[in-house]
Amino acid sequence: MTIKPLIILPDPLLRQVSAPIERVDDDARRLADDMLETMYDAPGIGLAAVQIGVPRRMLVIDVSREGEEKTPLVFINPEVIASSDDRSVYEEGCLSIPDYYAEVERPATVKVKYLDRDGKEHLVDADGLLATCLQHEIDHLNGVLFIDHISRLKREMVVKKFTKAAKTKAL
């Protein structure tokens with residue numbers, strides 16, 4: 001397992017729509033392992049493959065609390081097939097937008113179809129933090145960032161800040 005460097009805003013790769021994974025094989029499982037290692041190291045509770053420069057439809061999540069046993073989840077080609085009309089608000093952050101947090105409103109529950117690391121299809125009914133995290137990471141696979149769910153003014157300020165930081169770092 002290898003810790004991979006994270007792609008940070010304003011990298012245009014974050015706006016790319018990720019391609020489906022055609023075969024769940026050893027390469028896909030290795031990618032999942034690298035993603036989990038990277039996510040835990042960051043530390044974070046979710047990571048999409050595109051965030052480590054691989055625009056493929058895979059994400060990893062672990063919403064276990066500190067002190068609890070880790071419960072890593074791997075979602076290959078995840079797809080939201082149903083969502084509730086009820087809404088919930090969580091303060092979200094993102095490993096690709098470090099140290100910025102904002103309240104985001106999303107459907108309170110979702111049903112997601114996906115393949116596991118063995119290529120077996122599953123359905124999960126998620127609520128609470130897992131539902132929010134799944135929606136956040138699936139957004140990444142579609143080139144959408146959590147800042148796209150906040151006001152235009154706040155979003156423009158965040159993008160400007162990270163664009164300036166990237167230019168300064170490049171010098």
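Three elements, β4 (87-94), β5 and α2 (128-141), each supply at least two residues of the lining of the largest pocket. Helices here are DSSP runs of H or I with at least four residues, strands are runs of E with at least two, and both are numbered from the N terminus. The model is a predicted one, so to speak of local features takes a pLDDT of at least 70 and side-chain atom pairs count only at pLDDT 80 or more, while totals for chains, interfaces and linings use all residues. Residues are numbered from 1 along each chain as its sequence is written, and side-chain values use heavy atoms, with hydrogens and water left out.

What does the pocket itself look like in numbers? About 440 Å³ of space lies in this largest pocket. Of its 22 lining residues, I45, E92, G93, C94 and Y101 are the closest to the centre. A pocket, on a 1 Å grid over the protein atoms alone, is an open set of points where a 1.4 Å probe fits, with protein on both sides within 12 Å along at least five of seven lines; lining residues have an atom within 4 Å of a point. Grid points are joined across faces, edges and corners, and the volume is the space filled by probe spheres set on the points. As for chemistry, the lining divides into twelve nonpolar, six polar and four charged residues. In that split, Ala, Val, Leu, Ile, Met, Phe, Trp, Tyr, Cys and Pro count as nonpolar, Asp, Glu, Lys and Arg as charged, and the others, Gly among them, as polar.

Zooming out, the chain has three helices and seven strands. Read from the N terminus on, the elements run α-β-β-β-β-β-β-β-α-α. The radius of gyration is 16 Å, close to the 16 Å that the globule rule gives for 171 residues, so the chain is as compact as a globular protein of that length. That radius is taken over C-alpha atoms, and the rule is 2.2 Å times the number of residues to the power 0.38. Along the principal axes, the C-alpha atoms fill a box of roughly 45 × 40 × 35 Å. Of the 171 residues, 42% are buried; buried means under 20% relative accessible area, exposed means over 50%, and partly exposed is in between (1.4 Å probe, protein chains only). Among contacts (heavy atoms within 4.5 Å) with a separation of 6 or more, 63% are between residues 24 or more positions apart. The chain exposes about 9,600 Å², and carbon and sulfur atoms supply 51% of that area.

Now for some single residues, starting in the helices. A28 sits in helix α1 and is buried, at a relative accessible area of 7%. Leaving out residues up to four places away in sequence, A28 touches I21, R23 and M58. R152 is 124 residues from A28 along the chain, and their C-alpha atoms are separated by 36 Å. T132, in helix α2, is buried too, with a relative accessible area of 5%. Beyond its neighbours within four places in sequence, T132 is in contact with S88, Y90, E92 and R106. The C-alpha atoms of T132 and V110 are 8.7 Å apart, with their positions 22 residues apart along the chain.

Strand β5 (residues 97-107) holds E103. Is E103 buried or exposed? E103 is exposed, with a relative accessible area of 59%. Even so, E103 touches V89, Y90, E91 and I150, not counting residues up to four places away in sequence. L59 is 44 residues from E103 along the chain, and 22 Å separates their C-alpha atoms. D99 lies in β5 as well and is exposed, at 68% relative accessibility.

The backbone has a few quirks. D99 has a positive phi of about 65 degrees although it is not a glycine. N77, in strand β3 (residues 73-83), also has a positive phi, near 50 degrees, and is not a glycine either. At 21% relative accessibility, N77 counts as partly exposed. Which peptide bonds are cis? The bond from L9 to P10 is cis, with omega near 15 degrees, and P10 lies in the segment before α1 (26-41). Another cis bond joins A42 and P43, with omega about -15 degrees; P43 is in the loop between α1 and β1 (46-48).

Notes:
Areas by Shrake-Rupley, 256 points an atom, 1.4 Å probe, with all protein chains shown as cover.
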